[in-house]
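Me: Please examine the model below with me. I shall put a series of questions about its helices and some individual residues.

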Amino acid sequence: MRGYLKQHPPLLQFITILGFYAGSIGVFLLLTALVTPKLTGYTAYDISVGVLTDPKFLRMQQWLQFFYSTLTYLLPAAIFAYLWHPEPMRYLGLRTKASWIQVILTIVLFYCCLPFVGVLAEWNLHWDLPKAALEAQQRNEQMTKALLQMPTITDLVMNLVLMAIVPAIAEEVFFRGVFQRIFINLTRLRWTGVLVTAIIFAAMHFEMQAVLPRIALGFILGTIFLVTGNLWLAILAHLINNGMLVIQYYLFQHGYTKTDPAVEQGVTWYLGVASALVTVGLIWALMKRSPEPLEVEQADTQR
C-alpha cells in the first residue's frame with residue numbers, strides 16, 4: 001500500500017486527506033457523545049458556570065483536547081504519509097536534523113513576529129462580526145479560561161502536555177506536513193501553498209475574532225518548514241506559542257505577573273511594522289542557514 005496515493009493527482013490526495021479527517025471527526029464526536037455523560041454526568045457540549053467549575057468535567061475536557069488532536073489531526077496525517085511515501089517520517093519532514101543556529105533563529109524569529117501578530121489581533125477584534133460568531137468565540141474563551149485554571153504545578157505540567165505539546169505536534173504534522181505539501185503540488189507555487197494552508201489552519205480553529213493572527217502565525221510556521229525542510233522547527237515555534245499562553249495563565253493566577261493573558265494587550269502600529277521587517281530579515285537568515293529546504297515530491301501523474 002505504500003506509495004499508493006503518489007500515483008494520484010494532488011486534488012484527489014486533498015479529497016483523501018479530507019475524507020480521513022471527516023471520518024476521524026465522526027468517530028471522535030460519537031465517542032465523545034457516548035463516553036462523556038457516563039463519566040461526568042454532563043454532555044461534552046455543556047457550558048455553564050456550574051459545569052465550568054466541576055473538576056471532573058474539566059478533566060474530561062482536557063483529555064478530549066488530547067484525543068481530538070491525536071485522532072483528528074495526527075492519525076489521518078500519519079495514515080496519509082504512510083500511503084504516500086515509502087518513508088513516512090521523511091515525507092513529513094521529521095527526519096531532517098536541525099542545527100543549533102537554526103533552532104536559535106527559529107526561536108528569535110517567532111518572538112520577533114509577535115508584535116506584528118498582536119497588531120493584526122487588535123484589528124481583528126474590531127471587526128463587525130455576526131452575533132453567532134461572537135457568541136461562539138465567547139464560549140470558547142470561557143472554556144479555555146476554565147481549562148487553564150492551575151492550582152498546582154501538576155496542573156501546569158498536565159496542561160503543557162495536553163494543550164501545548166500534543167496539539168503542536170499533531171497540528172503541524174497535519175497542516176504543514178501534509179496539507180502544505182498537497183497545496184504546493186496543487187498550485188505549483190510554494191508560497192501560495194504556504195498561504196492557502198495558513199488560511200485553512202486559521203479557519204479550522206473556528207474563531208473569527210482570531211482568524212487574522214492565526215493566518216499570520218500559520219504563514220510563519222509554514223515558512224519555517226518551507227525554508228528549512230524540518231518540521232521539528234515548525235513544531236518548536238508552535239509549541240512556544242501554545243506553551244507561552246499556558247505559562248502566562250499559571251504565572252498570573254499565582255500572582256507572579258500582573259498582566260492578564262485573557263486581555264488583549266495593545267500594540268502600536270509602528271512596533272508592528274518594525275516586527276514585520278525584522279521577521280522578514282530573520283526568515284532570510286534562516287533560509288541562508290538551511291542547506292536542505294523543503295523538497296516537494298510531485299505525484300507520479302505530474303511527471
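Me: Against which helices do the buried residues of α1 pack?
Reply: This is a predicted model. Among the buried residues of α1 are Phe 14, Ile 17, Tyr 21, Ile 25 and Phe 28, together with polar ones including Gln 13, Ser 24 and Thr 32. The partners against which the buried residues of α1 pack are α2 and α6 (153-187).

Me: How far apart are the end C-alpha atoms of helix α1?
Reply: Helix α1 covers residues 10-40, and its 31 residues should span 45 Å at 1.5 Å a residue. The computed separation of the end C-alpha atoms agrees with that expectation, at 43 Å.

Me: Where does α1 bend, and which residue follows α1?
Reply: The bend amounts to about 25° and is located at Thr 32. Thr 32 is also one of the buried residues of α1. Beyond the helix, phi is positive, near 90°, in the residue that follows α1, namely Gly 41.

Me: Is Tyr 68 buried, partly exposed or exposed?
Reply: Tyr 68 is found in helix α2. Its relative accessibility is 22%, and buried would require a value under 20%, exposed one over 50%. Tyr 68 therefore counts as partly exposed.

Me: Which residues does Tyr 68 touch, leaving out those up to four places away in sequence?
Reply: The C-alpha atoms of Tyr 68 and Leu 29 are separated by 9.2 Å, although the two residues are 39 apart along the chain. With residues up to four places away in sequence not counted, Tyr 68 touches Tyr 21, Ile 25, Phe 28 and Tyr 73.

Me: How are α2 and α5 oriented relative to each other?
Reply: Helix α2 (residues 55-84) packs with helix α5 (residues 131-147) at an angle of about 105°, and their axes are 10 Å apart. Angles of 65 to 115 degrees count as roughly perpendicular. The orientation of α2 to α5 is therefore roughly perpendicular.

Me: How many nonpolar, polar and charged residues does the contact of α2 with α5 have?
Reply: On the α2 side, the contact is made by Phe 57, Leu 58, Gln 61, Gln 62 and Gln 65. On the α5 side, Met 143, Ala 146 and Leu 147 take part. By class, the contact has 5 nonpolar, 3 polar and no charged residues.

Me: Against which helices do the buried residues of α5 pack?
Reply: The 17 residues of α5 reach 24 Å from first to last C-alpha, close to the 24 Å expected at 1.5 Å a residue. The buried residues of α5 are Ala 133, Gln 137, Met 143, Ala 146 and Leu 147. These buried residues pack against α2 and α6.

Me: Which helices are included in what covers the buried residues of α7?
Reply: Helix α7 has 14 residues and reaches 20 Å between its first and last C-alpha, close to the 20 Å expected at 1.5 Å a residue. Its buried residues are Gly 193, Val 194, Thr 197, Ala 198, Ile 200, Phe 201 and Ala 202. What covers them includes α6, α8 and α9 (231-253).

Me: Which residues does Thr 197 touch, not counting residues up to four places away in sequence?
Reply: Thr 197 is found in helix α7. At 0% relative accessibility, Thr 197 counts as buried. With residues up to four places away in sequence left out, Thr 197 touches Phe 175, Arg 176, Phe 179, Gln 180 and Phe 183.

Me: Are Arg 188 and Phe 206 buried or exposed?
Reply: Arg 188 lies in the loop between α6 and α7 (190-203), with phi near 65°. Phe 206 lies in the loop between α7 and α8 (211-228), and its phi is likewise positive, at about 55°, although Phe 206 is not a glycine. The relative accessibility of Arg 188 is 56% and that of Phe 206 is 58%. Both Arg 188 and Phe 206 therefore count as exposed.

Me: With which residues is Ser 275 in contact, leaving aside neighbours within four places in sequence?
Reply: Ser 275 belongs to helix α10 (residues 269-288). At 4% relative accessibility, Ser 275 counts as buried. Leaving aside neighbours within four places in sequence, Ser 275 is in contact with Cys 112, Cys 113, Leu 114, Pro 115 and Phe 116.

How values were computed
Residues numbered from 1 in each chain as written. Predicted model: local features only at pLDDT ≥ 70, side-chain atom pairs only at ≥ 80, totals over all residues. Heavy atoms only, no water. Axes fitted to C-alpha atoms, helices over the stretch in contact; angles between N-to-C directions. Helix = DSSP H or I, 4+ residues; strand = E, 2+ residues; numbered from the N terminus. Parallel < 35°, antiparallel > 145°, perpendicular 65-115°, else oblique. Contact = heavy atoms within 4.5 Å. Nonpolar A, V, L, I, M, F, W, Y, C, P; charged D, E, K, R; others polar. Expected span 1.5 Å × (residues − 1). Bend = angle between axes of the 7 residues up to and from the residue. Buried < 20%, exposed > 50% of the residue type's maximum accessible area, 1.4 Å probe, protein only.
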